[in-house]
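Me: Could you take a close look at the nonpolar core of this protein for me? I'd like to follow how its parts fit together, and then see what lies around it.

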Amino acid sequence: MSRAFRKSNNMLISLSADAGLVIVDILKVLKLRYDYKALSKITGFPVSTLTRYITGKTAPRGSKAEKLLRNTLSNINLPAFIAEYSGFDGGRLDLTKVMLNPNLVKIIGAYVLEEFAGMKITSIMPLDILSLPLASYLSTTTSRPLHLVSPFPIPPPDRLMPLVFSDDSGDSTKAYWLLLEKNCSRESILLLGSRTPEPCFFNKLVEILVNEKMEVGGLFVVAAKEDILGELRIPPGVKRSYLLVI
C-alpha cells in the first residue's frame with residue numbers, strides 16, 4: 001500500500017502531498033452512497049473534477065488534495081454515517097460491519113489522522129481485536145510501529161510484558177501480554193479502540209506504560225460509552241476523540 005501520510009522528522013502526525021491517494025479511495029466509497037451533485041456539495045469541488053478523480057483519469061495532488069480531504073472530512077457527518085451503516089438504533093451497535101470493512105477503515109483512518117494532526121505520535125496500539133485493522137492501516141500509512149495487547153504470549157519472549165488485573169467486579173483475575181518494541185521508552189502512543197475499554201484493563205495498561213516511561217499521546221474510540229469514560233484514568237492533557245458517544 002502506498003503511504004498516504006508520512007511522518008516528519010519531529011514525529012508529528014501530518015498530512016502530505018500524497019493525501020490524494022487516500023481521498024480518491026474515500027470519494028469512491030462515498031460515490032456508492034451519493035451522486036456527483038451531492039459529492040460536489042460535500043467537497044466544494046466541481047462535478048467535472050470529481051468525475052476525473054473517481055474514474056482515474058487524473059488524481060488530486062499537493063495542496064489541492066489536502067484541501068479536498070479536509071473539506072470532505074469536515075462536511076460528511078461521519079458519526080451518522082457509521083451509526084446508520086452499523087444499524088445503530090439507540091440499542092445494539094454492530095461494529096463488526098464497520099471495523100472489518102476496508103473502505104470504512106480508510107475513511108475512519110483519515111478522520112483519525114486529521115484529528116491528531118500536528119501531535120507527537122511515535123507508535124500505535126489497538127485496544128481490542130476489532131480495532132486491529134484500523135491500527136494496521138494507520139501504522140502503514142504513517143510508518144509508525146505497532147504495539148499489541150494479546151491474550152496469549154507471542155514470541156520472542158524478551159519483548160513481552162505481562163498485564164495482570166482484576167476485573168471490574170473484583171471476583172476474578174485476567175491476564176494479557178503486551179508485545180512492545182525494544183527500546184520503546186519515551187514513546188508517545190496513540191491508543192485505538194472500537195469500544196470503550198474496560199476500566200480495569202485500561203487503567204492497568206496506562207500504569208504499565210507510565211512505569212516504562214511511555215506516554216499516552218492520544219485516545220481514539222469509535223463508539224464510547226459515556227458512563228464508562230469517567231472511570232478511565234486518562235492522563236491529563238491527553239487528547240481524546242470519539243466518533244459516537246452512546
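Reply: Happy to; here is a walk through the core, followed by two helical parts of the chain. Please keep in mind that this is a predicted model.

The largest nonpolar core holds 47 residues. Within this core, I82, I108, L192 and F220 have the most contacts. Helix α7, covering residues 102–115, supplies the largest share of the core, with 8 residues. In general, nonpolar side chains in soluble globular proteins tend to be buried together.

F220 is a good place to zoom in. Leaving aside residues up to four places away in sequence, F220 touches I108, Y111, V112, F116, L134, L191, L192, G193, S241 and L243. There is also a second, separate core of 25 residues, and L127, L180, L209 and L232 are included in it.

L209 leads us to helix α9, residues 199–211, where L209 is buried along with P199, C200, F201, F202, N203, L205, V206 and I208. The 13 residues of α9 should span 18 Å at 1.5 Å a residue, and the end C-alpha atoms are indeed 18 Å apart, so the two agree. After α9 comes K213, with a positive phi near 60°.

Finally, a look at a helix pair. Helix α2 (residues 36–43) packs against helix α3 (residues 47–55) at an angle of about 105°, and their axes are 9 Å apart; the two are therefore roughly perpendicular to each other. On the α2 side, Y36, K37, L39, S40 and T43 meet V47, L50, T51, I54 and T55 of α3. By type, the residues of this contact are 5 nonpolar, 4 polar and 1 charged.

How values were computed. Residues numbered from 1 in each chain as written. Predicted model: local features only at pLDDT ≥ 70, side-chain atom pairs only at ≥ 80, totals over all residues. Heavy atoms only, no water. Core = buried A, V, L, I, M, F, W, Y, C linked by side-chain atoms within 4.5 Å. Buried < 20%, exposed > 50% of the residue type's maximum accessible area, 1.4 Å probe, protein only. Helix = DSSP H or I, 4+ residues; strand = E, 2+ residues; numbered from the N terminus. Contact = heavy atoms within 4.5 Å. Axes fitted to C-alpha atoms, helices over the stretch in contact; angles between N-to-C directions. Parallel < 35°, antiparallel > 145°, perpendicular 65-115°, else oblique. Nonpolar A, V, L, I, M, F, W, Y, C, P; charged D, E, K, R; others polar. Expected span 1.5 Å × (residues − 1).
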